[in-house]
Amino acid sequence: MDEQKETLQRIVSTLANKNDEIHNFIDTLNQTIRNVQVNSSKVIRELDEEFDALYSVLDEMKGTMANTIQQERAHKIQALHNQLSQCGNALESSEELLELAARTLNIMDPTEFSKAARQIKDRVTMASAFRISLKPSISDSMTHLMVDFSLERHALQALRFLPVPKAPEIDIAACLVADNCITVSWRMPEEDSRVDHFVLEYRKTNFDGFARVKDEQPWEVIDYIKDTEYTLSGLKFDKKYMNVRVQACNKAVAGEYSDPVTLETKAFVFNLDNTSSHLNLKVEDTYVEWEPTGGKGQEKVKGKENKGRSGAPSPKRTSIGTRPTAKGSRDRFTGESYTVLGDTTIESGQHYWEVRAQKDCKSYSVGVTYKNLGKFDQLGKTNSSWCIHINNWLQSTFSAKHNNKSKTLDIPIPDRIGVYCNFDGGQLMFYNANSKELLYAFRTKFTQPLLPGFMIWCGGLSVSTGLQVPSAVKTLQKSENGLNSSTCSLNSVAQ
């Protein structure tokens, strides 16, 4: 019967997962329907705008050309009217001469007739009727202003929707996730010389595959990429995965997106546990500051913030191992143990985080500890904690500490310290986070889950999480497998 129950539970679990997938797909379909409605309305508006712009150009050209014809018509009519006026004046003058000639013919006196005839002859010789052209000065033809838009009509009739670039294909094998950078590589399914640039979009997610629509994060956009490869750098991997997709664009339109690809972005993510820190410490997620007033600004931790921190882990943040099960309290550390721990345990694997101290910080320690660190204990003074300690009070000292033993480090103090923990390999290494130079290394055997630990007095610390183990650190870690005894003088097998 137990086997049947187990089999039935697997069937039920499989069916429940399938139901979740179907629900997710239904959400995706509904969202796609809404997108189709929105996008179709958008392209119809754009189509109207394009045709309105075309109509506007045609109307403007029609007005300009009609105005040219009207000006030509006015010019010709004015010229012809001028000719009509000249002809009228010449005709009027000729008629006067004709009347004068008719009266002259009736003169009987030879002398008077001869005189009048000479005058008429002179006037006729000078008459305007003999000087005007009897041919129209302007042609009535308007053929030089005729148009033939047959080619343009054919061009308009050939109007089609713009050719859309095909969706690129992401080359998963060529994609690389390293050093908190993601290199995405893609190719076009076929050569397309009209592609002008590419658009890369990415978003963080905790889902291995498609997230539910309601859980989706907005896409971050990188535009105008000219190559078929792009590296996203300086990322914080505070989610388990990264979705990426690419689209190709020509001069006018963008094509379909490629199929989204999910890349794993494994990193160690934690916050500082303000529910169990020393009362003199003001803690905000990844920042801690020492306050001589006794942490009065932290009173609200007993209210809503404390409730949220002590509850179940948020599904929106990556968890490595398990959270401390002990209920947090603000008297977890007291006396001169100005300590705050991380809220996520390390139980296996390799992890990395970085710490930056304020310039005026007097004293601080960075390391790891088991959960059994006493309320009066300081990092490095027990056999269950390991750290490096920086003291800037009166004079600067730099040392590694474990089991109440200290080793002075005669090297410059970096402004950023990288912490590398290889739980399974029993390695705890501290690096100059800028140059990746090894500062000190502990080698031991961890027998209990670890917590990041920090001590601070007079100043503040900023912690950077969501970081992958840098490639340079991995390389150094391999080379440090043969550490000499002087480097490992504080190392021991943890009890």
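**A surface patch, two cores and a buried arginine**

Phe161 sticks out as an exposed residue, with a relative accessible area of 77%. The model in which Phe161 is seen here is a predicted one. Along the chain, Phe161 belongs to the loop that runs between helix H3 (150-157) and strand S1 (169-170). Phe161 also has company: together with Leu47, Phe51, Tyr55, Leu58, Leu156 and Leu159, Phe161 makes up a nonpolar patch on the surface. The accessible area of these residues together is about 720 Å². Helix H1, which covers residues 2-104, is the biggest contributor to the patch, giving 4 residues.

Stepping back to the whole protein chain, there are 5 helices and 22 strands. The chain has 495 residues, and 36% of them count as buried. Its accessible surface comes to about 30100 Å², with 53% of that belonging to carbon and sulfur atoms. Contacts across the sequence are well represented too: taking the contacts with a separation of 6 or more, 70% are between residues 24 or more positions apart.

On the inside, the largest nonpolar core is built from 39 residues. Trp353, Tyr364, Leu428, Leu450 and Phe454 are the ones with the most contacts inside this core. Strand S14 (residues 363-370) supplies the largest share of the core, namely 4 residues. Apart from this core lies another one, of 22 residues, including Phe198, Leu232, Val246 and Val261. As for Leu450, its partners beyond four places away in sequence are Thr344, Thr345 and Ile346, then Val368, Thr369 and Tyr370, and finally Trp386, Cys421 and Phe423.

Not every buried residue is a nonpolar one. Arg203 sits in strand S4, residues 197-205, and is buried, because its relative accessible area of 8% falls under the 20% cut-off. Leaving aside residues up to four places away in sequence, Arg203 touches Glu216, Gln217, Pro218 and Trp219 as well as Tyr241, Met242 and Asn243.

Finally, the cysteines. Cys387 is buried, with a relative accessible area of 0%, and Cys175 is buried as well, at 13%. A disulfide is a covalent bond that links the sulfur atoms of two cysteines. A search of the whole structure for such pairs turns up 0 disulfides.

Terms used
Residues numbered from 1 in each chain as written. Predicted model: local features only at pLDDT ≥ 70, side-chain atom pairs only at ≥ 80, totals over all residues. Heavy atoms only, no water. Helix = DSSP H or I, 4+ residues; strand = E, 2+ residues; numbered from the N terminus. Buried < 20%, exposed > 50% of the residue type's maximum accessible area, 1.4 Å probe, protein only. Contact = heavy atoms within 4.5 Å. Disulfide = S-S within 2.5 Å. Patch = residues over 30% accessible without salt bridge, like charges linked within 9 Å, V, L, I, M, F, W, Y side chains within 5 Å. Areas by Shrake-Rupley, 256 points an atom, 1.4 Å probe, with all protein chains shown as cover. Salt bridge = Lys/Arg side-chain N within 4 Å of Asp/Glu carboxyl O. Core = buried A, V, L, I, M, F, W, Y, C linked by side-chain atoms within 4.5 Å.
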